[in-house]
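Trainee: Please take a close look with me at the surroundings of the ligand, and go slowly.

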Amino acid sequence: MTMDIKTADPVGTDPDTGATDTSAPIDLLGLSRDEMCEALIAAGVPDRQAKMRTAQLWRWIYHHGHQSFDSMTNVAKNLRQDLARRFRISRPEVVNLQISKDGTRKYLLRFADGKEAEMVYIPDQDRGTLCVSSQVGCTLNCRFCYTGTQRLVRNLEAGEIVAQILVARDDLGEWVPSSTAGRRVTNIVMMGMGEPLYNFENVKKALLIVMDKEGIQMSRRRITLSTAGVVPMMQRAGQEIGVNLAVSLHATNDAVRSEIVPLNRKYPLKELLKACQDYPGAHNARRITFEYVMLKGVNDSDDDARELVRLIREYDLPVKVNLIPFNPWDGAAYECSEPERIKRFSSIIFEAGISAPVRTPRGQDIMAACGQLRSASKRQRRQSPGA
Ligand code: SAH
């Protein structure tokens with residue numbers, strides 16, 4: 001990391017909002033502990049103090065939700081001022097918040113460069129799940145997914161991924177008390193916009209902060225990463241991140257799957273199932289989730305259900321199946337299977353001894369349900385030479 005202290009603008013914190021100066025060059029959010037140590041040393045903090053200061057800063061940032069250095073009372077006053085000149089702790093702006101009649105909250109977030117992505121909070125009786133985005137847009141083009149109609153604009157940085165959780169906690173008033181008791185965000189699913197395994201390094205870095213005891217302190221058992229099946233990254237995801245895995249299966253043969261999830265042409269079903277078999281840490285007590293969107297007349301027959309059971313047995317997979325009623329959007333070429341069909345499909349799998357609950361659609365009235373997220377951001381055209 002390079003930092004030119006001389007060019008740093010000596011502007012302190014903004015007294016009105018308490019937020020740090022967004023023009024300060026380096027955002028502390030998303031830095032690993034080692035990176036933060038280095039940044040502090042480069043800013044003049046003595047080597048022997050750097051680790052301790054990093055731990056202090058992490059607690060202020062991730063346990064208490066502070067956005068300004070002013071209030072970090074265990075940090076010496078002149079150091080606080082130095083930090084404020086050189087670093088920032090920023091949040092994306094919430095440009096729109098919609099609340100569904102079922103309590104689901106959808107946030108449209110604008111990042112520092114103006115690009116936008118959505119995030120969803122889904123409250124339940126015994127838990128609150130935050131659905132976090134990994135990219136602005138998506139490369140994948142799954143035919144039934146609204147996000148897939150938006151091209152990939154860019155990957156989100158690690159700090160921008162972590163910041164989504166902090167924004168939710170700001171909004172839900174979760175910082176007091178600062179302990180893990182009484183939390184409203186109890187679970188995190190990497191199931192928002194984007195394919196997390198196509199932004200592996202940033203997602204990994206972000207989730208390591210989420211799981212860190214000095215970070216957001218969330219157990220890996222409460223975090224799920226969903227992939228459309230980026231086979232070559234699955235092993236590393238298990239080894240290096242180690243969270244629960246969900247796989248967007250959606251079909252039981254290559255013909256149908258390649259049509260609705262074009263990524264299947266690159267990584268066909270057999271390779272995907274083999275990668276699931278090899279997923280580190282998957283066993284009966286910690287099963288992989290197969291997501292299966294119910295598309296009328298496409299993938300919802302009794303034969304499909306039986307074939308799914310057969311494949312799960314053939315590969316001896318520790319899985320549960322999550323049936324997702326298709327969530328409609330304008331211009332979609334599919335319809336949702338009838339409720340009776342979904343029930344029958346579920347019972348065939350269930351009778352084979354495999355759990356197959358139907359996911360209750362949440363936040364449909366505000367387009368917050370699975371596969372309904374999208375933002376207006378577009379990829380910038382390359383500027384023509386001389387422009
Ligand atoms: N790219 C990752 C993360 C997205 S998770 C992945 O594909 O797994 C979002 C989940 O919702 C995926 O299982 C996706 O296939 C599913 N989904 C997409 N569009 C949907 C729709 N219209 N109705 C229901 N589920 C949908």
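Mentor: Around the ligand stand 20 residues (each with a heavy atom within 4 Å of it), and the closest are Phe144, Ser226, Ser248, His250 and Asn327. This is a predicted model, in which local features need pLDDT of at least 70 and side-chain atom pairs count only at pLDDT 80 or more, while totals for chains, interfaces and linings use all residues. Residues are numbered from 1 along each chain as its sequence is written, and side-chain values use heavy atoms, with hydrogens and water left out.

His250, one of the closest residues, has an N or O atom in its side chain 2.6 Å from an oxygen atom of the ligand. The side chain of Glu195 places an N or O atom 3.1 Å from a nitrogen atom of the ligand. With Thr227 the backbone takes part instead, since one of its N or O atoms lies 3.5 Å from a ligand oxygen atom.

Elsewhere in the chain, you can follow helix α5 (residues 200-211) and helix α6 (residues 231-241), whose axes come within 11 Å and cross at roughly 25°. Here axes are lines fitted to C-alpha atoms over the stretch in contact, with angles from 0 to 180 degrees between N-to-C directions, and helices are DSSP runs (H or I) of at least four residues, numbered from the N terminus. Their crossing angle makes α5 roughly parallel to α6, a term for angles under 35 degrees. In contact (heavy atoms within 4.5 Å) are Phe200, Glu201, Lys204, Leu207, Leu208 and Met211 of α5 with Met233, Arg236, Ala237, Glu240 and Ile241 of α6.

Notes:
Polar contact = N/O pair within 3.5 Å; in protein donor to acceptor, adjacent residues only side chain to side chain. Helix = DSSP H or I, 4+ residues; strand = E, 2+ residues; numbered from the N terminus. Parallel < 35°, antiparallel > 145°, perpendicular 65-115°, else oblique.
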